[in-house]
Amino acid sequence: AQCVPNLAMNGAMVAGCGVYLLWLSPGAFLGVAGITAAGAAGYYWLHRKSFSAIRASRDAKSQTFQQFH
């Protein structure tokens, strides 16, 4: 709950800078937006991939320990 004001302030700052960049140079804005979207998609993909590997490891460990009981 304490991070909401900071998140709102940072979001407004990013949105304001984006609008200003769009006003200055639409081409630069599209380039930055495209790079940002590609980075976010790559992060999301890697995050999902790593968590599925962690989940599989946790399940294998659980099955191994269940064999001891």
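Which residues form a nonpolar patch on the surface? They are Y20, W23 and L24, and together they offer about 420 Å² of accessible area. Keep in mind as you look around that this is a predicted model. L24 is a handy place to start, since this residue lies in helix α1, which covers residues 3-24.

From there, let's step back to the whole chain. It has 2 helices and 0 strands. The second helix, α2, takes in residues 26-67. The overall outline is worth a look too: along its principal axes, the C-alpha trace spans about 65 × 30 × 5 Å. The radius of gyration is 21 Å, whereas a compact globule of 69 residues would have one near 11 Å.

How much of the chain is buried? Buried residues make up 1% of the 69 residues. The accessible surface comes to about 6200 Å², and carbon and sulfur atoms account for 71% of that area.

Helix α2 is a good place to see these dimensions at the level of residues. V32 is found in this helix, and if you go from V32 to I54 you move 22 residues along the sequence and 33 Å through space, C-alpha to C-alpha. V32 has a relative accessible area of 45%. It is called partly exposed because that value falls between the 20% limit for buried and the 50% limit for exposed.

Now follow the chain to F65 and F68. The model holds 2 aromatic pairs, and F65 with F68 is one of them: the ring centres are 6.3 Å apart and the planes meet at 50°, a tilted arrangement. Why is the pair called tilted? An angle of 50° lies between the limits of 30 degrees for stacked and 60 for edge-to-face, so the tilted class applies. The two partners also have their own accessibility values: F65 is partly exposed at 48%, while F68 is exposed at 66%.

Finally, what about the cysteines? In general, a disulfide is a covalent bond between the sulfur atoms of two cysteines. A search of the whole structure finds 0 disulfides. C3 has a relative accessibility of 52% and counts as exposed, because that is over 50%. C17, at 47%, is partly exposed.

To retrace the route: the chain has 2 helices and 0 strands, 1% of its residues are buried, and Y20, W23 and L24 make up a nonpolar surface patch.

Notes. Residues numbered from 1 in each chain as written. Predicted model: local features only at pLDDT ≥ 70, side-chain atom pairs only at ≥ 80, totals over all residues. Heavy atoms only, no water. Helix = DSSP H or I, 4+ residues; strand = E, 2+ residues; numbered from the N terminus. Rg over C-alpha atoms; globule rule 2.2 N^0.38 Å. Buried < 20%, exposed > 50% of the residue type's maximum accessible area, 1.4 Å probe, protein only. Areas by Shrake-Rupley, 256 points an atom, 1.4 Å probe, with all protein chains shown as cover. Patch = residues over 30% accessible without salt bridge, like charges linked within 9 Å, V, L, I, M, F, W, Y side chains within 5 Å. Salt bridge = Lys/Arg side-chain N within 4 Å of Asp/Glu carboxyl O. Phe/Tyr/Trp six-rings, centres within 6.5 Å; stacked < 30°, edge-to-face > 60°. Disulfide = S-S within 2.5 Å.
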